[in-house]
Amino acid sequence: MIEKIHLVEKEFKEDIGKISQSKDLEELRIKYLSRKGLISVLIDEFKELPAAEKPKFGKAINQLKNEAQESFNEKKKYFESLSDNAEIKLDLSLPSRRRVIGTKHILSQTLDEMKEIFKGLGFSVHEGPELESDYYNFEALNFPDDHPARDMQDTFFINDKFLLRTHTSPVQIRLMEKQTPPIRAIMPGKVYRNEAISAKSYCLFHQVEGLYVDEDVTFAELRGTLISFVQQFFGKDIKYRFRASFFPFTEPSAELDIWWQPKGKDGRWMEILGCGMVDPNVLANVNIDPEKYVGYAFGMGVERIALRKYGISDIRTFFDNDKRFLIQF
Ligand code: PHE
């Protein structure tokens, strides 16, 4: 019996040593380890032995069985690891994958630049909600009840009381309610208007509101601040003009135009902001004494300023999110 065991052991070792392909492994398993395999046959024979003889061979058979099973498992694992690697199939001549890194949106870049200039002029930065009440967007800003800007045509109303702000001026009111003068701040943000969409106007755009309230603020300072801004932003040679205008919340009021000469087209004036001295009624609405304090305010259109700076002709390109456009800046 012991010779048989050693014989099977020897043969198994030879056979497994010869295996170089995983498919031959199955043959080996059938030959030795299956129900009718050589090792099972040995075990069957062992079972037939008289009880007295069993201890002599039991250990050797068990050892053979375990070792064979173990070698088989190891070999199987080895072939599996080989085939895993084979699937990766490295091709080192392939070009590497290009990683496309996003850029800051042109409007964010413009806003950042505007903020930096105003910070340099002593302004802090504040924000307010885009969903506003009629009170902040119109009433507190001295809009009479029948003012055309309250018309359904221009404003996205949510209900009787709430709307999407049509300008950033309501943030002036919020700021003056919270702070006592002197106040010197800009308030950037999105505004919404229910207008026909065209190359020049979109239902959504950005403004930067400005406010300065103190005891002795003058229109000359307002003018000086805005000229300083356009010169820092566009360069010293920028051609500009102030025009008298009207806003319910400023008196007197003006608009600032800058000269725009798109390539190959006729030049024209382009309005970029409205401004004026804060109307005393507005100060009274926020409990700031109009006898003691004066203020100036302005509101500028960020898209128009970016159009002019980068020579873009259609405001809608800012919102299309076409990567070919965005990546240029
Ligand atoms: N809110 C005005 C607009 O949207 C601009 C403005 C702001 C005018 C502040 C005067 C003072 O047109």
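Trainee: At roughly what angle do the axes of helix H1 and helix H2 cross?

Mentor: Start with the general idea. Two packed helices are described by the angle between their axes and the distance between the axes. Now the case here, in a predicted model. The axes of H1 (residues 2-18) and H2 (residues 22-33) cross at roughly 175 degrees and come within 11 Å. Angles over 145 degrees count as roughly antiparallel, so H1 is roughly antiparallel to H2.

Trainee: Which residues make the contact?

Mentor: H1 supplies Val8, Glu11, Phe12, Asp15 and Ile16. From H2 come Leu28, Lys31 and Tyr32. Sort these contact residues by character: five are nonpolar, three are charged and none is polar.

Trainee: Turn to the ligand. How many residues surround it, and which are the closest?

Mentor: The ligand has 14 residues around it. His167, Ser169, Arg193, Gln207 and Gly299 are the closest. Look next at polar side-chain atoms. One of His167 lies 2.9 Å from a ligand nitrogen atom. One of Arg193 is 3.0 Å from an oxygen atom of the ligand. Gln207 also places a polar side-chain atom 3.0 Å from a ligand oxygen atom.

Trainee: How much of the ligand does the protein bury?

Mentor: Alone, the ligand exposes 330 Å², and the protein buries 90% of that.

Trainee: Where are the cis peptide bonds?

Mentor: Check omega. A cis bond joins Pro181 and Pro182, with omega about 5 degrees. Pro182 sits in the loop between helix H7 (169-178) and strand S4 (183-192). Another cis bond links Glu251 and Pro252, with omega about -5 degrees. Pro252 belongs to strand S7 (residues 250-260).

Note on methods
Residues are numbered from 1 along each chain as its sequence is written. This is a predicted model: local features need pLDDT of at least 70, side-chain atom pairs count only at pLDDT 80 or more; totals for chains, interfaces and linings use all residues. Side-chain values use heavy atoms; hydrogens and water are left out. Axes are lines fitted to C-alpha atoms, for helices over the stretch in contact, and angles run from 0 to 180 degrees between N-to-C directions. Helices (H or I, at least four residues) and strands (E, at least two) are DSSP runs, numbered from the N terminus. Angles under 35 degrees count as roughly parallel, over 145 as roughly antiparallel, 65 to 115 as roughly perpendicular and the rest as oblique. Contact means heavy atoms within 4.5 Å. Ala, Val, Leu, Ile, Met, Phe, Trp, Tyr, Cys and Pro count as nonpolar, Asp, Glu, Lys and Arg as charged, and the others, Gly among them, as polar. A residue is near a molecule or strand if one of its heavy atoms lies within 4 Å of it. A polar contact is a pair of N or O atoms within 3.5 Å; within protein, one must be able to donate a hydrogen and the other to accept it, and residues adjacent in sequence count only if both atoms are side-chain atoms. Accessible areas come from the Shrake-Rupley method with a 1.4 Å probe; for residues, only the protein chains shown count as cover.
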